[in-house]
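Me: Could you take a close look at one strand for me and tell me how it sits among its neighbours? I'd like the overall picture of the chain before the details.

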Amino acid sequence: MQFGDYRVEVVSGGEFRLDGGAMFGVVPRTLWQRVAPPDEENRVRLAANCLFVEGAGERVLVETGMGDKWSPRQAAMYGVSPGPTLGESLFKRTGYRAEDVSIVVNTHLHFDHAGGNTLSGEGGRAVPAFPNARYFVSRAELDHAESPHERDRASYLPENWRPLAESGQLELKESDYEVLPGLSLETVPGHSRTMQCVRLERGSRTLYCFADLVPTRAHVPLAWVMGYDLYPVETVEAKRRLLPRAAREGWLCLFYHDPEEPLAHLVEESGRVRAAGLGDVKAGPVPGE
């Protein structure tokens, strides 16, 4: 779609599955299974909805999804769906190839957000997937990725960023920075201390990408917080600050992991915020809300 003078597209970075209990934290299964039906292994379907922005002479890809460097055992464990590669999805949605992308942005370096940064080259060695792109990530996030917490250590795979440093394509940024005029990254603690969210402002319109702060539309209720979050109380406080504003100001919201409708507006009713289209779901209350 056209967003002011910028072109915006949502590009699939793959589909996969994670444990439903981990995805919904303290929310009882009797509630979350209404909006995210689990499979026989209690896993829920998730997507990696990457954002493509063309403007100001640049072609920017925010996030790169799961990538395709998975062994058969890993693919089975995470329920990685066979399908088009990120490069194929990019071409189908935008008409551009990987070599046409000039900037790649990662909100954080977990494998489901940065897995497509690299691909398997000769001899199985990981090489940059976007050969002409500058890769942006915050310095604080890279520091955390290199020395992760025990709780999120398994989510950081060095082959997703070290080849970029070796090729000279990795650029370290501040905790808040601007990619293009109107396209900015801001650190929002909760999922981790260093994860960032994405804001695009053109004219009077705002597109906001929550990354893992609000991974799907079902996670909009305040206490619907992932068990993966290192700082869940801070996640709730960030949602309390951002979601009512998104509803009041009519932001278009991108939910990175939503497998059905990644783009939605928010509405506020009787003091609660929900994603448009989920009004028939009885979402709470749950412990802590």
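Reply: Happy to! With 289 residues, a compact globule would be expected to have a radius of gyration near 19 Å, and the 18 Å of this chain agrees with that. Please keep in mind that this is a predicted model. Along the principal axes, the C-alpha atoms fill a box of roughly 55 × 45 × 35 Å. Within it, the secondary structure comes to eight helices and 17 strands. Of the 289 residues, 53% count as buried. Among contacts with a separation of 6 or more, 68% are between residues 24 or more positions apart.

Now for the close look, at strand β13, which covers residues 205-209. Four of its five residues are buried, so the strand is largely enclosed by the rest of the structure; buried here means under 20% relative accessible area.

β13 pairs with two strands that I can describe for you. One is β12, residues 196-202, which runs antiparallel to β13 and is joined to it by five bridges. Within this pairing, V198 has C209 of β13 as its bridge partner. The two strands form a hairpin with two residues between them, and there G203 takes a positive phi near 65 degrees.

The other is β14, residues 252-254, which runs parallel to β13 and is joined to it by three bridges. Here L207 has L252 of β14 as its bridge partner.

Put together, β13 has an antiparallel pairing with β12 and a parallel one with β14.

Technical notes
Residues are numbered from 1 along each chain as its sequence is written. This is a predicted model: local features need pLDDT of at least 70, side-chain atom pairs count only at pLDDT 80 or more; totals for chains, interfaces and linings use all residues. Side-chain values use heavy atoms; hydrogens and water are left out. The radius of gyration is taken over C-alpha atoms; the globule rule is 2.2 Å times the number of residues to the power 0.38. Buried means under 20% relative accessible area, exposed over 50%, partly exposed in between (1.4 Å probe, protein chains only). Contact means heavy atoms within 4.5 Å. Two strands pair if DSSP finds at least two bridges between them.
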